[in-house]
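Visitor: I'm new to this structure and would like a close look at one single part. Could you pick a helix and walk me through it?

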Amino acid sequence: MSTFEIKEEFILNGKPIKILSGAIHYFRFVKEYWEDCLYNLKSAGFNTVETYIPWNIHEIDEGVFDFSGNKDIASFIKLAQKMDLLVILRPTPYICAEWEFGGLPAWLLRYDNIKVRTNTELFLSKVDAYYKELFKRITDLQITRNGPVIMMQIENEYGSFGNDKGYLKALKNIMKKYGAEVPLFTSDGAWDAVLEAGTLVDDGILATVNFGSQAKESFEATEKFFERKGIKNPLMCMEFWDGWFNLWKEPIIKRDADDFIMEVKEILKKGSINLYMFIGGTNFGFYNGTSVTGYTDFPQITSYDYDAVLTEWGEPTEKFYKLQKLINELFPEIKTFEPRDHKRANFGEAKLKAKTSLCSVIDKISKCQRSDYPITMEKAGNGYGYMLYRTHVTGFGYDMKVKAVGVSDRVHFYLNGEYKGVQYQDEIGDIIEMKFNNGDNILELLVENVGRVNYGYKLQECSQIKGIRIGVMVDIHFETGWEQYALSLENINDVDFNCEWKENTPSFYRYEFEVNEAADTFIDCSKLGKGAAFINGFNLGRYWSEGPACYLYVPAPLLKVGLNEIIIFETENIVQDSLALKENPVYKDVKKA
């Protein structure tokens, strides 16, 4: 039986080991590409793969669990073992990872008094129920049971959020209750305040650090922290940020390959490494997170390319080859080899075949829920995607003021089927003047959840509750009598394209194209407005003409030989007769870090 211990060094089967790890998030890839990702990690000379486990994709509604397909974490771990890789798991309730709500499930927000990431009975009871199911899949895959899993994380960068040691100890105890046997660790920034707040070194839990530069200084600060605590543990950068994530409306960020290699070399002089990311992948569906600067939220784009060692679509970069060369120089006994790449293709244009308006099919794809006052997206559905709100307003033939209060995140206004405007961020709450007819009028608001924050104090804010939290005012009073439709669009194939299409309304558009041989491709979204795209029923994620990425990546396994279908849900009233399917991605702006 294999063994793994943490002493002054990492010890595998009685011998010191330097962990050379790369982050590959199984949930950001189609299952068919896991093997290529892991193969390329091995080809670079690495011995370990690390992955987060996001709670929100596995407990999709409270008590409803899904570990199938691209979510089959056990199969990913077993494949890594088959390829002779060790595995580091980070099954923490909160993962950050630029992922929707930092991996926390949206249904938690149905509880008005929930305090996430705290030593409170309500939150920990939900974690306990999740871990009870999760650990059934991963307990037997630990190295203590002849599996490849050598370590598990308790919490992620908790020192950047809180200092509740009782919470950390409670998580540790829940993990052990359900079968955690391998060494546990925390990861935080490399400075005193966060290390003191977020670690459990006094309980014998390994503290690792995260950084993207100044490796020498970061490790020195960590060593001094260990010295003050009277411990001698190996140094490990659990996240070395080899690139960076990207935001809508901001240029794509690129990092110099030589600068990256210089820092990796510095890390490997003194410790072990986990590259974050080895390959980034894609925020499929509605799972992109949101960053916070000051009081402003900035949602991340669908691509999680991260300027990593491999591109979003798996192509080896300059960083990969320089990294491989460095491994050869530092560890000549490690074998490296040629990486794999995927075939990419230009499939020409997908032609528009049908279109229908959301208002025409709404009752076919969502259940109407009635209430006196608006209900939130979390209480109406799973909390992702969109929500349509509708009410009847008595008008008097003149303009009245309309004001949406407490709405997240982006809202379109329609009066009697006519588009009246859109509000986002600081604009929400501004008054819109609308002319109401005499008698009955239909006022509709389409609200989009653009992504919950994944880091920082706003995890505790009410703004993470999406939809209309307070109400909508007409004249100077709140309107009552609401109908609402949750639109997570998981049933996209139920859209009936025989229904009417109305100009200047949010609509569905169906395109078709032929494939003789499947290959990776990219949908050019630069001429569209804003919305989401689906390939053969699979949610590829969001697009926005604001950029910087003006494409959606389509992995070959999502295509069929023969006829393929793209459905676009477009909210900005833009119609295109065709969509280009290109061999390479389309960008609006790129800059060097």
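Guide: Here is a look at helix H1, followed by the protein around it. Keep in mind that this is a predicted model, where local features need pLDDT of at least 70 and side-chain atom pairs count only at pLDDT 80 or more, while totals for chains, interfaces and linings use all residues. Residues are numbered from 1 along each chain as its sequence is written, and side-chain values use heavy atoms, leaving out hydrogens and water.

H1 runs over residues 34-43 and is mostly covered, with 7 of its 10 residues buried. Here, buried means under 20% relative accessible area, with a 1.4 Å probe and protein chains only. Helices are DSSP runs of H or I with at least four residues, strands are E runs of at least two, and both are numbered from the N terminus. The buried ones in H1 are Trp 34, Asp 36, Cys 37, Leu 38, Asn 40, Leu 41 and Ser 43. Their cover includes strands S4 (20-24), S5 (48-52) and S14 (272-279), along with helices H3 (73-82) and H9 (318-330); contact here means heavy atoms within 4.5 Å. Just after H1, Gly 45 takes a positive phi of about 100°.

Now step back to the whole protein, which has 11 helices and 35 strands. Buried residues make up 62% of its 593 residues. Among contacts between residues at least 6 apart in sequence, 79% join residues at least 24 apart. Along its principal axes, the C-alpha trace spans about 85 × 55 × 40 Å.

Methods: Buried < 20%, exposed > 50% of the residue type's maximum accessible area, 1.4 Å probe, protein only.
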